[in-house]
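User: I'm in my first year and still learning to read protein models. Could you take a close look at one part of this one with me?

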Amino acid sequence: MQYAHQRLVVHRDINPANILVTADGVPKLVDFGIAKLLGAGPAVTVAAERMLTPAYASPEQMAGEEVTTASDVYSLGMVLPELVAGSSARGDLDNIVNKSLEADAGSRYGSAAQLAEDIQRYLDGLPVTARKQTLLYRTARFVCWPGRGSCWLSR
């Protein structure tokens, strides 16, 4: 997704059916059929072209307002819970998802790369940026390593 965004392409229909995983475990985003090049005319979803998946579309997309890369970040946030379903340590993941799903596009991650970095921080057992950085939280992330089960400090 970040690759497309760096080239000013907004996918506009990120959903589980449009994410394929190779045999090597590499995710691939497919079906750019309704993608929009930013700066090449209005990037809005008008009623006549409602080719989107409502369950994954951003609020601004559903309202027919201008769509930006933040709209795709929202859609990635909608897909994320399906990828981590069954995870026992949901606290930080919930914060990551919630930041991705902010109604205000300016409050979401600034890019798909920032979302990916926060997910990697979670996987590495580091504090995630989506969560308030209290002393207790930061201490917990360094005391309670991933893979040791749940830790009362990280909740």
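Let's make that part α5: how far apart are its end C-alpha atoms, and what should its 12 residues span at 1.5 Å a residue?

Analyst: Happy to, and keep in mind that this is a predicted model. The end C-alpha atoms of α5 are 17 Å apart, and at 1.5 Å a residue its 12 residues should span 16 Å, so the two values agree.

Let's place α5 in the chain before zooming in. The chain has six helices and four strands. Reading from the N terminus, the order is α-β-β-β-β-α-α-α-α-α. Of its 155 residues, 36% count as buried.

Now for the helix itself. Which residues of α5 are buried? They are Ala112, Leu115, Asp118 and Tyr122. Looking down the axis of α5, you'd find these buried residues within an arc of 125°, so they line one face of the helix. There's a simple bit of background that helps here. An α-helix has 3.6 residues a turn, so residues three or four places apart point the same way. Just past the end of α5 comes Gly125, with a positive phi of about 80°.

What does α5 take part in? It is one of the elements that give two or more residues to the largest nonpolar core, along with α3 (69–84) and α4 (90–100). The top contributor is α3, with five residues. That core has 17 residues, and the ones touching the most other members are Leu76, Leu80, Ile96, Tyr109, Leu115, Tyr122 and Val128. Two names there should look familiar, since Leu115 and Tyr122 are also among the buried residues of α5. As a general background point, nonpolar side chains tend to be buried together in soluble globular proteins.

Ile96 is a nice one to click on if you want to see how α5 meets its surroundings. Leaving out residues up to four places away in sequence, Ile96 touches Leu115, Asp118, Ile119 and Tyr122, and also Leu80, Tyr109, Val128 and Ala130. Tyr109 has another partner too: the charged end of Lys99 sits over the Tyr109 ring, 5.3 Å from its centre. A second case of this kind involves Arg7, whose charged end sits over the ring of Tyr3, 3.6 Å from the ring centre. As for aromatic pairs, the structure holds zero.

For a contrast with the helix, jump to strand β1, where you'll find Val10. Its relative accessibility is 0%, so Val10 counts as buried. Val10 and Thr68 are 58 residues apart in sequence, yet their C-alpha atoms are 6.5 Å apart in space. Setting aside residues up to four places away in sequence, Val10 touches Ala35, Lys36, Leu38, Val67, Thr68, Thr69 and Asp72. For the chain overall, 45% of the contacts with a separation of 6 or more are between residues 24 or more positions apart.

Gly125 had a positive phi, and two residues other than glycine are worth a look for that too. Leu8 has a phi near 65° and sits in the loop between α1 (2–6) and β1 (9–10). With 45% relative accessibility, Leu8 counts as partly exposed. Asp31 has a phi near 60°, and its place is the loop between β3 (27–29) and β4 (36–37). Asp31 counts as partly exposed as well, because its relative accessibility is 46%.

Definitions and conventions:
Residues numbered from 1 in each chain as written. Predicted model: local features only at pLDDT ≥ 70, side-chain atom pairs only at ≥ 80, totals over all residues. Heavy atoms only, no water. Core = buried A, V, L, I, M, F, W, Y, C linked by side-chain atoms within 4.5 Å. Buried < 20%, exposed > 50% of the residue type's maximum accessible area, 1.4 Å probe, protein only. Contact = heavy atoms within 4.5 Å. Expected span 1.5 Å × (residues − 1). Arc of directions from axis to C-beta. Phe/Tyr/Trp six-rings, centres within 6.5 Å; stacked < 30°, edge-to-face > 60°. Lys NZ or Arg CZ within 6 Å of the ring centre and 35° of its normal.
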